[in-house]
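These are my notebook entries on a single protein model, taken down in the order in which I looked things up.

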Amino acid sequence: MDADVLSEKAKKLKHVKVYNRLYSMIQDGVYPPGSQLPSEPELALQMDVSRMTLRRALALLQEDNLVINIRGKGNFISERNPGGVFKHGNDIRQDERLRE
């Protein structure tokens with residue numbers, strides 16, 4: 001397949017659209033670093049998508065180190081400085097603080 005065709009298909013995928021919306025909201029400060037995202041059912045409702053679609057978008061955000069999922073707690077925005085480097089050099093201290 002042609003690269004342009006693949007690019008067009010990617011733009012139409014719902015989870016990519018949700019990823020783009022959440023990414024913009026993170027960049028715009030709607031969800032600042034260290035903040036917790038709404039619960040998955042609530043966020044799926046806000047985004048008008050299924051929970052599965054939302055989970056796919058969240059997985060992409062996690063791969064990009066923008067969101068941290070802590071089982072039993074929720075999804076949190078990674079604490080990064082403007083240069084895109086974690087404040088503590090890695091994510092371990094952030095995870096420990098959120099688990100408390």
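**Entry 1, order of elements.** I read along the sequence and wrote down the pattern α-α-α-α-β-β-α, which gives five helices and two strands for the protein. I note at the outset that the model is predicted, and that every value below is computed from it.

**Entry 2, the protein as a whole.** I looked up burial next and found that 33% of the 100 residues count as buried. The exposed surface of the protein comes to about 6700 Å², with carbon and sulfur atoms supplying 50% of it. I then turned to contacts with a sequence separation of 6 or more, and found that 51% of them join residues 24 or more positions apart.

**Entry 3, the core.** Which residues have the most contacts inside the largest nonpolar core? I listed Val18, Leu22, Tyr31, Leu37, Leu43, Leu54 and Leu61, in a core that has 17 residues. When I asked which helices feed this core, I found that α2 (14-27), α3 (40-47) and α4 (51-63) each supply at least two of its residues.

**Entry 4, Val18.** I picked Val18 from that list and located it in helix α2. Is Val18 buried or exposed? Its relative accessibility is 2%, and the cut-off for buried is under 20%, so I entered Val18 as buried. Leaving aside neighbours within four places in sequence, I found Val18 in contact with Met47, Val49, Thr53, Leu54 and Ala57. For one of these partners, Val49, I also looked up the spacing: the two residues lie 31 residues apart along the chain, while the C-alpha atoms of Val18 and Val49 are separated by 8.3 Å.

**Entry 5, Tyr31.** I took Tyr31 as a second residue from the core list and, not counting residues up to four places away in sequence, found that Tyr31 touches Leu22, Met25, Ile26, Leu37, Pro38, Leu43, Gln46 and Ile77. Among these partners, Leu22, Leu37 and Leu43 also appear in my list of core residues with the most contacts.

**Entry 6, α3 against α4.** How do α3 and α4 pack? I noted an angle of about 100° with the axes 9 Å apart; angles of 65 to 115 degrees count as roughly perpendicular, and α3 and α4 are therefore entered as roughly perpendicular to each other. On the α3 side I wrote down Glu40, Pro41, Leu43 and Ala44, which meet Arg51, Leu54, Arg55 and Leu58 in α4. Sorted by class, this contact has five nonpolar, no polar and three charged residues.

Methods. Residues numbered from 1 in each chain as written. Predicted model: local features only at pLDDT ≥ 70, side-chain atom pairs only at ≥ 80, totals over all residues. Heavy atoms only, no water. Core = buried A, V, L, I, M, F, W, Y, C linked by side-chain atoms within 4.5 Å. Buried < 20%, exposed > 50% of the residue type's maximum accessible area, 1.4 Å probe, protein only. Contact = heavy atoms within 4.5 Å. Areas by Shrake-Rupley, 256 points an atom, 1.4 Å probe, with all protein chains shown as cover. Axes fitted to C-alpha atoms, helices over the stretch in contact; angles between N-to-C directions. Parallel < 35°, antiparallel > 145°, perpendicular 65-115°, else oblique. Nonpolar A, V, L, I, M, F, W, Y, C, P; charged D, E, K, R; others polar.
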